[in-house]
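Thanks, everyone. Let me put the structure up, and then we'll go through the sheet and the ligand.

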Amino acid sequence: MIRKTRLFTPGPTPLLPAAQFAMAAADIHHRTAEFRALYTRVLAQLKEFVGTKNDVIILSSSGTGAMEAAVSNLTSPGDRVLVLTAGKFGERWSALAKAFGCAVDVVSAPYGQTFSIDEVKAALKLETRVVFMQATETSTGVRHCTPAVAKLIKDTNSEALLVVDAITGLGTSHLDMDGWGVDVLIGGSQKSVMIPPGLSYLAVSDKAWDRMEASYNPRYYFDLRKERKNARLGESAYTPAVALIAALGAALNYIAGQAATTEKPEGDLAAGRKMLVENAETISAMTRAAVLAMGMTLFAPDAPSSAATAVLPPAGVDSGLFVKELKSRFGAIITNGQGEMKGQIFRIAHLGFFDYMDTIALIGALEQVVVKSLPQLNIPFGAGLVAAQKLYANRSQTAAADAKCICGRTDACCSLQNPGFGAASKA
Ligand SMILES: *Cc1c(COP(=O)(O)O)cnc(C)c1O
């Protein structure tokens, strides 16, 4: 049998062919009218994709560069900040804030869970200058409740800025930056926007731009004010990743085009983003149903993200078995757990350029691994596929008309994340 290599990893994700072609053709200099037209268009599209009125800045770095920029531009040495963490990427916020001399308070939850909003409330002090969190914690497959944290900051009249790493949250969950009052929302290129690693982007609120004037941690390459000044002229401060910016433009065209109508053949980015989110919600729900039907359990059952599903294999089975077998037999690349979670869980991504067909194929391959390598489970062929098929059929029948809460969280946050959805499902 031949094997086609397919990425099911939560970054990098599969590449959109149109974006790859755009990259190959992007042989342009960054101080020309041609580039300025491209950059200006992509920045405007990105704003629509994020769904904000705030300025969006693009950096030529992986996602962590934008995280560092948020810390270095918004804090001063000695600032008290609050980090909400339940995984490897939350821990990165703590490490970054410490590296820039902040006094770091932490609210944490065990891996696989999300933190309690009551604990966040107790930890939010008068002096707290910034709150850092993830929208979705990719290392554990958890969805945190961004709107609840934003509401808490607003309700307590806190001066704190809310900085959200939405690197895997964007394009997989509903995020209303302006409506909720998020100050910085961070994205990365190798996630939902279907292009290679190398770009990060941040949407920044007026309150955060003001804070930058008074904060004095060192920054040079990642000086956001300098980038904004240049972006307004259609340029970046230094040589940008021109090819990736062209790819991003093509990918955003594609996302908009998913919502094309006869009146609007070029589509619409807000509607396209909504379809992309619904796509991730649906294929993640299919995956969760399938792994449960195959005798496995979810690592984050109460607050699963649609970006990636973290799966606990049956007791006594190393999760590396799934990583190895899927790759060697089917060319499917999934990820093991990060750090001390290695061997404990495996993760399957749903963000970006994945569809129903990819999902069904991966579930079929997972069944082959379970039936052959774990015969003691007595799982018959079809167990996972039937569960996924039924979920898909029911979801597509009801999705449009009957607005059910689809975010997968089992608590009140569901309705906060999906306005209009939760209310209908409760009624
Ligand atoms: C991928 C990812 C990042 C960024 O990692 P880089 O390797 O620097 O691109 C940050 N946060 C989350 C939640 C991620 O999934």
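Start with one pair: valine 164 stands opposite leucine 185 in strand 9. A word on the source: this is a predicted model, where local features need pLDDT of at least 70 and side-chain atom pairs pLDDT 80 or more, while totals for chains, interfaces and linings use all residues. Numbering runs from 1 along each chain as its sequence is written, and side-chain values use heavy atoms, without hydrogens and water.

Three bridges join strand 8, residues 161-165, to strand 9, residues 184-188, and the two run parallel. Strands here are DSSP runs of E, at least two residues; helices are H or I, at least four; both are numbered from the N terminus. Pairing takes at least two DSSP bridges.

Now the whole sheet. It is open, with seven strands in the order 2-10-9-8-5-3-4 and mixed pairing. Strand 2 (55-59) and strand 4 (103-108) stand at the edges with a single partner strand each, so one side of each has no neighbour in the sheet.

On to the ligand. Which residues come nearest? Ser62, Thr64, Thr138, Asp165 and Lys191, out of 14 around the ligand (a heavy atom within 4 Å). Helix 3 gives the largest share of that shell, three residues. By type, the shell holds three nonpolar, eight polar and three charged residues; Ala, Val, Leu, Ile, Met, Phe, Trp, Tyr, Cys and Pro count as nonpolar, Asp, Glu, Lys and Arg as charged, and the others, including Gly, as polar.

Last, two distances. A polar side-chain atom of threonine 64 sits 2.4 Å from a ligand oxygen. For aspartate 165, a polar side-chain atom is 2.6 Å from a ligand nitrogen.

Note on methods. A polar contact is a pair of N or O atoms within 3.5 Å; within protein, one must be able to donate a hydrogen and the other to accept it, and residues adjacent in sequence count only if both atoms are side-chain atoms.
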